[in-house]
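Hi,

Here is the structure I promised to pass on. Have a look at it first, and then read my notes below.

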Amino acid sequence: GAVDWLTTSGGLVITNTTMTGQSGTYTPTFTNVANVASFGTVSDATWCRTGNAVTVSGRVAIDPTAGAISTQFRMTLPVASALSLFTDVGGTCCCKDSLSIAIAICADTVNDEANFQYINTAETAARDFAYIYQYIVK
């Protein structure tokens, strides 16, 4: 009868006989990088961490300054990570009011945040976007 003890890492927690990942909500901070006049209502984002993988989803309203140019902004992460490659974050963001607008999400390796980037169409009206992305805690 040898006994081995179960250990956890990467955000897993054991309580009595239950092992769970970390999860919750947080209010992210959005920062304009290019062509964003303002951010409308920012909803709380949900996140879930299993091991070192974190998945984030939420909604944000974006009011671009001008149409037909590159639009870019960044968002804080719920669990800090030292991002070193643009592929360290991956996801997408879609506009519910315009099927022609889709945003790629990658890593901002300078600020260790999620980077949202797209070519804005001719629209300059504020639009609601839903996003989901994943990254690895390093």
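**What I found**

Seven bridges join β9 to β12, and the two strands run antiparallel. Within that pairing, C94 sits opposite A130 of β12. Please keep in mind as you read that this is a predicted model.

β12 has another partner as well. β7 and β12 also pair in the antiparallel sense, this time over 10 bridges. If you want a spot to start from on screen, find I62, which stands opposite R127 in β12.

**The overall picture**

Now a step back to the whole chain. There are zero helices and 12 strands in the protein chain, so don't go looking for a helix, as "helix" is defined here. Read from the N terminus, the order of elements is simply β-β-β-β-β-β-β-β-β-β-β-β. The C-alpha trace spans about 70 × 25 × 20 Å along its principal axes. The chain has 138 residues, and 37% of them count as buried. As for contacts, take those with a separation of 6 or more: residues 24 or more positions apart account for 68% of them.

**Salt bridges**

How many salt bridges does a search of the whole structure find? The search comes back with four. Let me go through some of them.

One is between the side chains of D128 and R59, at 3.5 Å from N to O. It links distant parts of the chain: D128 belongs to strand β12 (residues 127-136) and R59 to strand β7 (residues 53-64), and they are 69 residues apart. Those strands are the antiparallel pair with 10 bridges that I mentioned above. Are these two side chains buried, partly exposed or exposed? D128 has 23% relative accessibility, so it counts as partly exposed. R59, at 31% relative accessibility, also counts as partly exposed.

Next come R74 and D108, whose side chains meet in a salt bridge at 3.9 Å, N to O. This pair, too, links distant parts of the chain, with R74 in strand β8 (residues 70-75), D108 in strand β10 (residues 102-108), and their positions 34 residues apart. Here both R74 and D108 are buried.

Then there is D88 with K138, where the closest N and O atoms are 2.6 Å apart. D88 lies in the loop between β8 and β9 (89-95) and K138 in the segment after β12, so this salt bridge ties together parts that are 50 residues apart in sequence. D88 counts as buried because its relative accessibility is 12%, and the cut-off for buried is under 20%.

Which residues are joined into one network by salt bridges that share partners? They are R74, D108 and E113, so the R74 and D108 pair is worth viewing with E113 switched on.

**The cavity**

The structure holds one cavity of 30 Å³ or more, and the volume of the largest cavity is about 30 Å³. To display its lining, select I62, P64, I101, Y118, N120, E123, A125, R127 and F129. β7 and β12 are the elements that give two or more residues to this lining. You will recognise I62 and R127 in that list, since they are the opposite-facing positions in the β7 and β12 notes above. Sorted by class, the lining has six nonpolar, one polar and two charged residues.

**Two backbone spots to check**

Most residues other than glycine have a negative phi. Two residues caught my eye on that score.

N35 has a phi near 70 degrees, which is a positive value in a residue other than glycine. You will find N35 in the loop between β4 (30-34) and β5 (36-42). N35 is buried, with a relative accessible area of 11%.

A68 is not a glycine either, yet its phi is positive, at about 65 degrees. A68 is in the loop between β7 and β8. Buried or exposed? At 58% relative accessibility, A68 counts as exposed, because the cut-off for exposed is over 50%.

That's the tour. Shout if anything is unclear.

Cheers

Definitions and conventions: Residues numbered from 1 in each chain as written. Predicted model: local features only at pLDDT ≥ 70, side-chain atom pairs only at ≥ 80, totals over all residues. Heavy atoms only, no water. Helix = DSSP H or I, 4+ residues; strand = E, 2+ residues; numbered from the N terminus. Buried < 20%, exposed > 50% of the residue type's maximum accessible area, 1.4 Å probe, protein only. 1 Å grid on protein atoms, 1.4 Å probe; cavity = no way out; pocket = protein on both sides within 12 Å on 5 of 7 lines; lining within 4 Å. Points joined across faces, edges and corners; volume = space filled by probe spheres on them. Nonpolar A, V, L, I, M, F, W, Y, C, P; charged D, E, K, R; others polar. Contact = heavy atoms within 4.5 Å.
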